[in-house]
Amino acid sequence: MFPERFSNLPAYAFPRLRSLLDSHEPGGPVVHMTIGEPKHAFPAWVTDIIAENAAGFNNYPPNDGTPELQKSIADWLDRRFGAKVDAASQIMALNGTREGLYNAAMALCPETKNDQKPVVLMPNPFYQVYMIGTISVNAEPHFCAATAENGFMPDYTQLPEKVLQRVAIAFVCSPSNPQGAIASRDYLEKLITLAEKYDFKVFADECYSEIYRDQKPEGALKVAQDLGADPERVVIFHSLSKRSNLPGLRSGFVAGGPESLKHIKRLRAYSGAPLPLPLQRASEKVWADEAHVEENRRLYAEKFDIADEIFADIPGYTKPQAGFFLWLPVEDGEAAALKLWKETGVRVLPGAYLSRDVDGENPGKPYIRVALVAPKNDVKAALTTLRECLYQ
């Protein structure tokens, strides 16, 4: 009665967390540092634009995005990365990038690769939709550890030839969730060159690209263009959720080669949920504005400076380059999260809930993920409490 391909899925991270913690009383005022839900103010004029265009809720929205939204996104890609794309044929607006990451696999993963079951590469830990999209197209997920030893970026170049011959898609997340690592230009060049050699696509999840400290992240699409790679080689995903503190707007985009986008758009026409028109109108303006993004980045930088000061002498602490998470080393993530909850009321996510066991090892097990989305003073107090509880 039920599909076997989903039979061995663990519970999603947050139901697992509730099962771990909620039968215990918190040891203090509850502080939520689990989910990456931005809390900084979004631009005040966003709601005005939605209200001005509210009549658009009476219409079915355009599947691909309004021409104005596609152009706003194309202009942003050019300004931010120097990537040149045709707005009409190489961009589609998304109802949240999770939709795009899932449906891109549905639209672009072949049924076989070199007459074998296709393989989809992904980092471990990873954003869970990568795995679900892979399973949904009956491909084989191949988890590659992203650890401190490799700069928290999976090294796909070291995979066996027999695996590489079957690869259809490789996911890369830069800046990475949860570790906050940035893929260097050299890393992206090597990955795209590998994809050219073995004829697979690179799905670049770049949703955290605008929250960085010192190093501005590279864009995979621009790197591919500079290399002269096949225009269909790289597909990128971006969002206003983190960049602009608008997770509830559910507004993002996918961009890539025109043939890739043709297939993605065709699938969306049958199965997707286009972004409502008033939200598209707001998104047109948000992608065009950088002032609020700069302020957002400044606020996160302050909180990362606080974290660096609090955890500077903790063995294994890595200063995040980007994003808004801390990936804190502990002996056991579940035990640490439970102890922290029972003794202080601070709520964090065990790293193992974002990873899968491979050969008996889970690279997320000795970590907790801590989201720095609360106001600065609340973050400072919670991190101080966390340090006193877990590292004394």
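Before you click anything, one definition: a residue is buried if its relative accessible area is under 20%, exposed if over 50%, and partly exposed in between (1.4 Å probe, protein chains only). Helices (H or I, at least four residues) and strands (E, at least two) are DSSP runs, numbered from the N terminus.

You're looking at a predicted model, where local features need pLDDT of at least 70, side-chain atom pairs count only at pLDDT 80 or more, and totals for chains, interfaces and linings use all residues. Residues are numbered from 1 along each chain as its sequence is written, and side-chain values use heavy atoms, with hydrogens and water left out.

**Stop 1: helix H6**

Select residues 129–136. Seven of the eight residues in this helix, H6, are buried, so the rest of the structure largely encloses it. Colour Val129, Tyr130, Met131, Gly133, Thr134, Ile135 and Ser136 to see the buried ones. What do they pack against? Show helix H5 (97–108), along with strands E3 (119–124), E4 (140–145), E5 (167–173) and E6. Just after H6, pick out Asn138, which has a positive phi near 60°.

**Stop 2: the loops around there**

Go to the loop between E3 and H6 and find Pro125. The peptide bond leading into Pro125 from Asn124 is cis, with omega near 10°. Another cis bond joins Asn177 to Pro178, with omega about 25°; look for Pro178 in the loop between E5 and helix H8 (185–198).

Now select Asp115, in the loop between H5 and E3. Asp115 isn't a glycine, yet its phi is positive, about 65°. Is Asp115 buried or exposed? With 76% relative accessibility, it counts as exposed.

**Stop 3: Glu206**

Select Glu206, in the loop between strand E6 (201–205) and helix H9 (220–227). Glu206 is buried but has no salt bridge, and the nearest side chain of opposite charge is Arg80, 7.7 Å away. (A salt bridge needs a side-chain nitrogen of Lys or Arg within 4 Å of a carboxyl oxygen of Asp or Glu; for charge, Lys and Arg count as positive and Asp and Glu as negative, while His and the chain ends are not counted.) What does the side chain of Glu206 reach? Draw a distance to the backbone nitrogen of Ala220 and you should get 2.8 Å.

Next, show the contacts of Glu206, meaning heavy atoms within 4.5 Å. Leaving aside neighbours within four places in sequence, they include Phe81, Ser174, Ile236 and His238.

**Stop 4: aromatic rings**

Phe81 leads us to the rings. The whole structure has 17 aromatic pairs. Rings of Phe, Tyr and Trp (its six-membered ring) pair if their centres lie within 6.5 Å; planes under 30 degrees apart are stacked, over 60 edge-to-face, and the rest tilted. Show Trp76 with Phe81: the ring centres are 5.6 Å apart and the planes at 85°, so this pair is edge-to-face. Trp76 is buried at 1% relative accessibility, and Phe81 is buried at 12%. Then select Tyr127, Tyr130, Phe171, Phe203 and Phe237, which ring pairs link into a cluster.

**Stop 5: Trp341**

Finish at Trp341, in helix H14 (residues 333–344). Trp341 counts as buried, at 5% relative accessibility. Over the face of its ring lies Arg347, 4.7 Å from the ring centre. (A charge sits over a ring if NZ of Lys or CZ of Arg is within 6 Å of the ring centre and within 35 degrees of the ring normal.) For another example, select Arg369, which lies over the face of Phe325 at 3.9 Å from the ring centre.

Terms used:
Lys and Arg count as positive and Asp and Glu as negative; His and the chain ends are not counted. A polar contact is a pair of N or O atoms within 3.5 Å; within protein, one must be able to donate a hydrogen and the other to accept it, and residues adjacent in sequence count only if both atoms are side-chain atoms.
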